[in-house]
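Reader: Could you walk me through how the protein and the DNA meet here?
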Amino acid sequence: MSPSDNYRRIYHVVRRIPPGRVATYGQIAKLAGLPGHARQVGYALHALDTASPVPWHRVINAKGRISLRSKSGPDLEQRMRLEAEGVRFDAGGRVRLDEYGWSGSGTRALEWR
DNA sequence: GCAATGACGCTCT
DNA sequence: CAGAGCGCCATTG
């Protein structure tokens, strides 16, 4: 099997993420058909480029934090993009998964306007 | 083929 | 609520 096939699936799920909303790696992995493989999701996204057609910036960890990979370049860009979509960060740089979390676990009434 | 690493998740403290 | 430790698995060297 081609490992790229798995990546493709993950990218597809990430593309399904509605604007103004964020999804966790576990969520992506589950929807991608890889329950429990949250790490591989991160791997797949890491292989992506900052200019990739995939909204990787909407993917964060379960803590609602932006996972830093190595440098502080793309990370800041991710936060900037999310803020541009209407996602608010707290002082700790965390996002309210209970509100912005995908699958509308609770609040989707905010809409993305 | 084996060993080490890693955009993570979950539980305990 | 925040931080640290442990675990699961695929990718890379």
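Author: What follows takes the two DNA strands in turn, and please keep in mind that this is a predicted model.

Reader: Let's begin with strand C; which residues come nearest to it?
Author: Eight residues surround DNA strand C, and Arg39, Gln40, Tyr43, Arg65 and Arg94 are the ones that come nearest. Of the atoms of DNA strand C that come within 4 Å of the protein, sugar and phosphate account for 72%.

Reader: And what does the side chain of Arg65 sit across from on that strand?
Author: An N or O atom in the Arg65 side chain is 2.7 Å from a phosphate oxygen of DNA strand C, while a polar side-chain atom of Gln40 lies 2.3 Å from a sugar or linking oxygen of the strand. Arg39 instead places a polar side-chain atom 2.9 Å from a base nitrogen of DNA strand C.

Reader: Switching to strand B, how much of its contact is sugar or phosphate?
Author: For DNA strand B, 42% of the atoms within 4 Å of the protein belong to sugar or phosphate, and the rest belong to bases. A polar side-chain atom of Arg39 lies 2.3 Å from a base nitrogen of DNA strand B, and a backbone N or O atom of Leu45 is 3.5 Å from a base nitrogen of that strand.

Reader: Which element gives the largest share of the surface near strand B?
Author: That is α3, with seven residues; the surface near DNA strand B divides into seven nonpolar, seven polar and two charged residues. For DNA strand C the largest share also comes from α3, with three residues.

Key. Residues are numbered from 1 along each chain as its sequence is written. Chains are lettered from A and ligands numbered from 1 in the order in which they are written. This is a predicted model: local features need pLDDT of at least 70, side-chain atom pairs count only at pLDDT 80 or more; totals for chains, interfaces and linings use all residues. Side-chain values use heavy atoms; hydrogens and water are left out. A residue is near a molecule or strand if one of its heavy atoms lies within 4 Å of it. A polar contact is a pair of N or O atoms within 3.5 Å; within protein, one must be able to donate a hydrogen and the other to accept it, and residues adjacent in sequence count only if both atoms are side-chain atoms. Helices (H or I, at least four residues) and strands (E, at least two) are DSSP runs, numbered from the N terminus. Ala, Val, Leu, Ile, Met, Phe, Trp, Tyr, Cys and Pro count as nonpolar, Asp, Glu, Lys and Arg as charged, and the others, Gly among them, as polar.
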